[in-house]
Amino acid sequence: ARQPKSWPPSRTAATRPAPLHPLPMVLMSTENLSAVEREPRPKPDATVIVLHGLGADGNDFVPIVQELELPKDRGIRFVFPHAPTRPVTINGGHVMRAWYDIVGVDLTNRADEAGIRSSQAIVEQFIAHEKKRGIAASRIVLAGFSQGGVIALHAGLRHAEKLGGIVALPTYLAMPQKLAAEVNVVNKGI
């Protein structure tokens with residue numbers, strides 16, 4: 001019988017490609033910003049901000065950097081923020097890392113607007129921090145998984161400057177009825 005293939009494909013030490021360059025991990029914590037970073041060599045000229053899903057933290061997606069097998073001359077910094085902790089209604093009020101509260105299963109009314117806007121402000125702080133470090137907004141990509149994808153879409157489509165891109169998997173658009181009035185035309189086509 002044929003064995004099913006697993007995903008991602010398992011790699012042994014012998015088949016795993018050698019790292020093109022070591023990427024040090026840095027724990028960033030300034031003001032209200034808390035994240036894990038993968039700092040490239042050479043000096044970064046682009047940043048990908050990766051937002052995790054409900055109950056996870058920034059560490060969950062750190063391994064993806066190595067799996068991307070990027071050429072060593074790509075100066076891409078990866079920033080993996082940690083969502084704040086808060087009670088999540090749909091999970092019995094348990095306190096966990098969450099970008100916003102989820103109050104029900106109905107996609108149109110499940111997310112709390114105040115929590116989403118608060119997390120949008122956190123993402124804006126991360127973008128501003130990267131710009132202070134010399135990365136142009138057009139070289140910043142917001143990426144998110146599940147609840148993090150909601151925030152990547154929400155913040156990215158409303159950001160005042162053209163971003164490099166938005167990646168959101170599997171997710172949904174929160175507060176779609178407000179998007180037309182709030183979307184920034186520079187990021188509408190992303």
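**Strand 4 and its pairing partners**

In strand 4, Pro-81 is the bridge partner of Ala-35. The model described here is predicted. The Ala-35 to Pro-81 bridge introduces the pairing of strand 2 with strand 4. Strand 2 spans residues 33–38 and runs antiparallel to strand 4. The two strands are joined by 4 bridges.

Strand 4 also pairs with strand 3, which covers residues 46–51. Here the sense is parallel, and the pairing again extends over 4 bridges. Val-48 has its bridge partner in strand 4, namely Phe-78. Strand 4 is thus flanked in the pairing scheme by an antiparallel strand 2 and a parallel strand 3.

Strand 4 itself comprises residues 76–81. Of its 6 residues, 5 are buried, so the strand is largely enclosed by the rest of the structure. Burial here denotes a relative accessible area under 20%. Across the protein, which has 190 residues, buried residues account for 41%.

The wider fold contains 4 helices and 8 strands. From the N terminus on, the order of elements is β-β-β-α-β-β-β-α-β-α-β-α. Contacts that span long stretches of sequence are also present. Among contacts between residues at least 6 apart in sequence, 63% connect residues at least 24 apart.

The accessible surface of the protein amounts to about 10500 Å². Carbon and sulfur atoms contribute 58% of this area.

Methods: Residues are numbered from 1 along each chain as its sequence is written. This is a predicted model: local features need pLDDT of at least 70, side-chain atom pairs count only at pLDDT 80 or more; totals for chains, interfaces and linings use all residues. Side-chain values use heavy atoms; hydrogens and water are left out. Buried means under 20% relative accessible area, exposed over 50%, partly exposed in between (1.4 Å probe, protein chains only). Contact means heavy atoms within 4.5 Å. Accessible areas come from the Shrake-Rupley method with a 1.4 Å probe; for residues, only the protein chains shown count as cover. Two strands pair if DSSP finds at least two bridges between them.
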